[in-house]
Amino acid sequence: MKSCIYPPTVRERAIRVQESQTVQFHGIRYIYYLQAMHVNVQAHIKENLRKAFTAREIQIFMQPQVCLKDGAICAAQAFPYWLQPDGSWNLPEQFLPALEEAGLIEEMDFYVLEEVARLQQHYTKREMTFFPVMVTFSAATLSLPNTVEHIQKILSDYGLEGKYIQIAVQERCFFEKIEQLVLNLKELQQLGCTLCLDNFGSSSRSFSVLLQLPVHQVKLNHLQEWNGKGEQSDKEKLHDLVQLLRVVGVEIILNGVSTAEDLQLLHRLSVEKAQGSYWGASLHWRDFLHQDMLDKQQESCYYIE
């Protein structure tokens, strides 16, 4: 792990140590000081982000969401992966927090949406059935006044209806501007987009937040934490949580399914949809779609150049 530290002298570091913050971006850990270096770090991250967009180093990976009633893929979730010089991929959790810290997450959110819209257009033009794709937006992006207009323009540019896109918002970082967020979500609902509250249960305010937002779905992550061996009380808590969510009237997606035991638990809970490594890891969209087409026994698979 590389580190980049400023100011250079011990005395200056000691003076500003109370003001320091750390972010990790593109394999480098930045320790910077709010008054002295925040702008410079933002500029550096922004420059690398522009280069990555131009060089198409950021690519879309997908993971299926499965309808447990019949075992069919009913949707997919899109994730941005960052190609590194050595051919490896940086996972979203390795760089998205740094983009949020630098105030650049909006650009990444819309980049992912446009890539997904381009993909959807490719298949709809060929009159091929393709399931909806979930794109996760930060709460910060979805709280901006011009967000709906921007999303609507992307859909219009690619000739898509809202039903082809699912918008997920992370529960964390709620919410200084929740009024604008609620307004934006209602407008997206009118466009036909399915709305999801992601990572539900990550805070003590989960139900309070859920009751304020016009979402159709709730996604629960980290199933393994609920389904540990001998933790019957945790399974009971999950059962109670699922029942409460049904009372609220939202569809439930359980994420983190990795074993047959996990799947059995979901069937006992009668959960509608699930996601996880049990059905395979996230794949580059070309590999994901090729695999899906083979599963459907299609004679041909079209790729976007």
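Let's start at His284: setting aside its neighbours within four places in sequence, this histidine is in contact with Gln59, Ile60, Phe61 and Trp89. Keep in mind as you look around that this is a predicted model. His284 belongs to strand 13, which spans residues 283–284. Its relative accessibility is 14%, and because the cut-off for buried is under 20%, His284 counts as buried. Another pairing to look at here is with Ala78: the two residues are 206 apart along the chain, yet their C-alpha atoms are separated by 9.6 Å.

Now step back to the whole chain. It holds twelve helices and 13 strands, and 46% of its 305 residues count as buried. Take the contacts with a separation of 6 or more: 64% of them come from residues 24 or more positions apart. The link between His284 and Gln59 is one you've already met.

What about the interior? The largest nonpolar core has 74 residues, and the ones with the most contacts inside it are Met108, Leu197, Leu213, Leu220 and Leu245. Helix 4, running over residues 105–125, gives the most to this core, with ten residues.

For a close look at one buried side chain, go to Leu266 in helix 11. With a relative accessibility of 0%, Leu266 counts as buried. Not counting residues up to four places away in sequence, Leu266 touches Leu68, Leu223, Leu254, Val257, Val271 and Ala274. Pick out Leu254 from that list: it sits twelve residues from Leu266 along the chain, and the two C-alpha atoms are separated by 7.9 Å.

Follow helix 11 to its end and you reach Ser270, in the loop between helix 11 (260–269) and strand 12 (273–275). Have a look at the backbone here, since most residues other than glycine have a negative phi. Ser270 goes the other way, with a positive phi near 60 degrees. As for its surroundings, Ser270 has 49% relative accessibility and so counts as partly exposed.

Arg56 is another residue other than glycine with a positive phi, in this case near 55 degrees. You'll find Arg56 in the loop between helix 2 (34–54) and strand 4 (58–67). Its relative accessible area is 35%, so Arg56 is partly exposed.

Let's finish with a pair of helices. Helix 6 (residues 147–157) and helix 7 (residues 178–190) have axes 9 Å apart and pack at an angle of about 25 degrees. Because angles under 35 degrees count as roughly parallel, helix 6 is roughly parallel to helix 7. The crossing of helix 6 past helix 7 is right-handed. Which residues make the contact? From helix 6 they are Thr147, Val148 and Ile151, and from helix 7 they are Asn184, Glu187 and Leu188. Sorted by class, that contact has three nonpolar, two polar and one charged residues.

Note on methods
Residues are numbered from 1 along each chain as its sequence is written. This is a predicted model: local features need pLDDT of at least 70, side-chain atom pairs count only at pLDDT 80 or more; totals for chains, interfaces and linings use all residues. Side-chain values use heavy atoms; hydrogens and water are left out. Axes are lines fitted to C-alpha atoms, for helices over the stretch in contact, and angles run from 0 to 180 degrees between N-to-C directions. Helices (H or I, at least four residues) and strands (E, at least two) are DSSP runs, numbered from the N terminus. Angles under 35 degrees count as roughly parallel, over 145 as roughly antiparallel, 65 to 115 as roughly perpendicular and the rest as oblique. A crossing is left-handed if the near helix is turned anticlockwise from the far one by less than a right angle, and right-handed if clockwise. Contact means heavy atoms within 4.5 Å. Ala, Val, Leu, Ile, Met, Phe, Trp, Tyr, Cys and Pro count as nonpolar, Asp, Glu, Lys and Arg as charged, and the others, Gly among them, as polar. A nonpolar core is a set of buried Ala, Val, Leu, Ile, Met, Phe, Trp, Tyr and Cys residues joined through side-chain atoms within 4.5 Å. Buried means under 20% relative accessible area, exposed over 50%, partly exposed in between (1.4 Å probe, protein chains only).
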